[in-house]
Amino acid sequence: MAKGRRLFTLMTALVSSLCFALPTSSSSSFISSPAFFTSTTLRAEAAAAAPRSPRIGATKILATSSSPFSDSAKSHDDDVGIKCAADVLAVLGGKEAAASLNASRAHQLLSDMRFLAPLQGSSLPTQHLIQSITEIHESGSKASLKSGGMELLKQGNHNNMQRLIRSPPSAVAELAKVAVEWAGEPEAVLAKLSPTIYPVPDVEGTAADQCQLAKNTSARRFAAEEINKYMAFLFEAIHVLGPSAGFNVSLSRYDLFHGHMFTAYNTGRLGILFHSREYPEFDKTNFPINLGYCQRGSDVPYDASMNLRNILWLAPMPACNGHQCSNKWLAPGALVILDAHPGGVYYKELVPEWVDVVRTIYEGDFGQVFIDVNYFNVANAAPEARIFLC
Ligand SMILES: *[C@@H]1O[C@H](CO)[C@@H](O)[C@H](O)[C@H]1NC(C)=O
Ligand SMILES: *[C@@H]1O[C@H](CO)[C@@H](O)[C@H](O)[C@H]1NC(C)=O
Ligand SMILES: *[C@@H]1O[C@H](CO)[C@@H](O)[C@H](O)[C@H]1NC(C)=O
């Protein structure tokens, strides 16, 4: 069952990336490598789907003996992944959900989480913070115009940002409720998109490199501007709060520009699994893997920080009775790095063997995945205008 689902998702990923293209000469070894796909069916499908530009979130990466992280072979079972993801959701799901895990399991999961907003002492959401997200953005964009960074954000607004993570503005809180009220039905969330189509912009020289970062050349946004602002805020929060968790992330075409939105199995809770460090630099000894056009020009080193590339956002969990959610909340919003260091619980249970070199945690383990959230660093654009959903 689970295997079939993942197979299907992989197929979908391949088919939906038909628009991608690889550099013709250098990439052939990547595609035709016998280890590229494990099943002949998949290999045939891959041949039919080529050419494409793999992203390391959706592509088998070849392990190399020269990798400093190459590890003894491990087997990954999809059901183990789904069970582990469910446990992660439980431990972040409020008191009652967390009580479904025994203490040692909860401790095991928590000790490899790096919280960007502290969990302890967190209050449940209130809905009076709409002003502060605007203030945060205004200070951020003023600073970024001048400095190319978000200096003001870095200086003094950490507490505000963390409050906003635990307790998002009302439009986002309403979306979180809709997701749960509709039992995680993706259409219920997709119904909140505006019909307007936005062409995906050419950022940071992607077009010149023949690189297409998003799944599609056109994208959508939420009808409620506040939700788009909040999506941009999440990317910025990872960038700003990451260093205090030991992780420097840039909002660039090689590092953090996308996440996968899902509704959790069983609960319908809304979430996004962000993948940073998407295109590490090709390096003969450290990372001899060709990821196609989009990798060109990368200066993202392949190093131990790859362990931290998977970042999970969960919307607050509403208290609901059947299909009716109240204004009460079972759990605050969460933004947390899942540290997938070899030997740890996430590496063992959530990173499939076929992507263990790059530590990819698969979003489909958490729930039904229905849209990608992209943040493209369009110069001088308002934060919400940097969001492209497709
Ligand atoms: C705790 O739960 C895990 C599975 O979630 C189980 O493997 C382990 O044996 C349990 N430990 C105790 C002490 O009950
Ligand atoms: C790309 O977006 C357009 C416009 O929204 C849509 O019609 C098309 O089906 C999308 N293509 C894919 C492959 O998702
Ligand atoms: C993050 O970047 C800062 C500034 O460049 C640096 O001082 C710090 O050591 C870096 N942290 C990590 C974990 O790489």
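Strand β6, residues 310-314, pairs with β9 in the antiparallel sense, over 4 bridges. What you have in front of you is a predicted model, so please hear every value that follows as computed from that model. One of the residue pairs here is W313, whose bridge partner in β9 is L335.

Now the other neighbour of β9. Strand β9 covers residues 334-338, and 3 bridges join β1 to it, again antiparallel. M113 has L338 in β9 as its bridge partner.

Those strands belong to a wider arrangement. How many strands form the open sheet, and in what order? There are 7, and they run β1-β9-β6-β5-β4-β10-β11, with antiparallel pairing. The edges are β1, residues 113-115, and β11, residues 387-389; each has a single partner strand, so one side of each has no neighbour in the sheet. On average, neighbouring strands of this sheet are turned by 30 degrees against each other, if direction is ignored.

Back to β9. Is it enclosed or open? Of its 5 residues, 5 are buried, so the strand is largely enclosed by the rest of the structure. Both faces are covered: one side carries A334, V336 and L338, the other L335 and I337, and all of these are buried.

L335 deserves a word of its own. Leaving out residues up to four places away in sequence, L335 touches L116, A117, I165, L234, A237, I311 and W313. L335 also turns up in the largest nonpolar core, which has 94 residues. The residues with the most contacts inside that core are L116, L234, A237, I238, L335 and L338. Which element gives this core its largest share? Helix α12, residues 225-241, with 11 residues.

Next, the loop between α12 and β4, where β4 is residues 258-264. D255 lies in that loop. Is D255 buried or exposed? It has 20 C-beta neighbours inside 10 Å, and 20 or more is the cut-off, so D255 counts as buried. Its contacts, not counting residues up to four places away in sequence, are V249, S250, S276, R277, E278 and V300. D255 and Y279 are 24 residues apart along the chain, and their C-alpha atoms are separated by 6.4 Å.

For a second charged residue, look at E181. E181 sits in helix α10, which is residues 170-181. It has 17 C-beta neighbours inside 10 Å and therefore counts as partly exposed. Where in the sequence are its contacts? Leaving aside neighbours within four places, E181 is in contact with C320, H323, Q324 and C325. Take H323: it is 142 residues from E181 in sequence, yet the two are 4.5 Å apart in space, C-alpha to C-alpha.

Last, a pair of helices. Helix α4, residues 78-91, packs against helix α6, residues 103-111, at an angle of about 90 degrees, and their axes are 10 Å apart. The two are therefore roughly perpendicular to each other. Which residues meet? From α4 there are D87, V88 and V91; from α6 there are R105, A106, L109 and L110. By class, that contact has 5 nonpolar residues, 2 charged and no polar ones.

To go back over the main points: β9 pairs with β6 over 4 bridges and with β1 over 3, and β9 is largely enclosed. L335, in β9, is among the residues with the most contacts inside the 94-residue core. D255 is buried in the model, while E181 is partly exposed.

Notes
Residues numbered from 1 in each chain as written. Chains lettered and ligands numbered in written order. Predicted model: local features only at pLDDT ≥ 70, side-chain atom pairs only at ≥ 80, totals over all residues. Axes fitted to C-alpha atoms, helices over the stretch in contact; angles between N-to-C directions. Parallel < 35°, antiparallel > 145°, perpendicular 65-115°, else oblique. Contact = placed C-beta atoms within 7 Å. Buried ≥ 20, exposed ≤ 12 C-beta atoms within 10 Å, placed from the backbone. Core = buried A, V, L, I, M, F, W, Y, C linked by C-beta atoms within 7 Å. Pairing = 2+ DSSP bridges.
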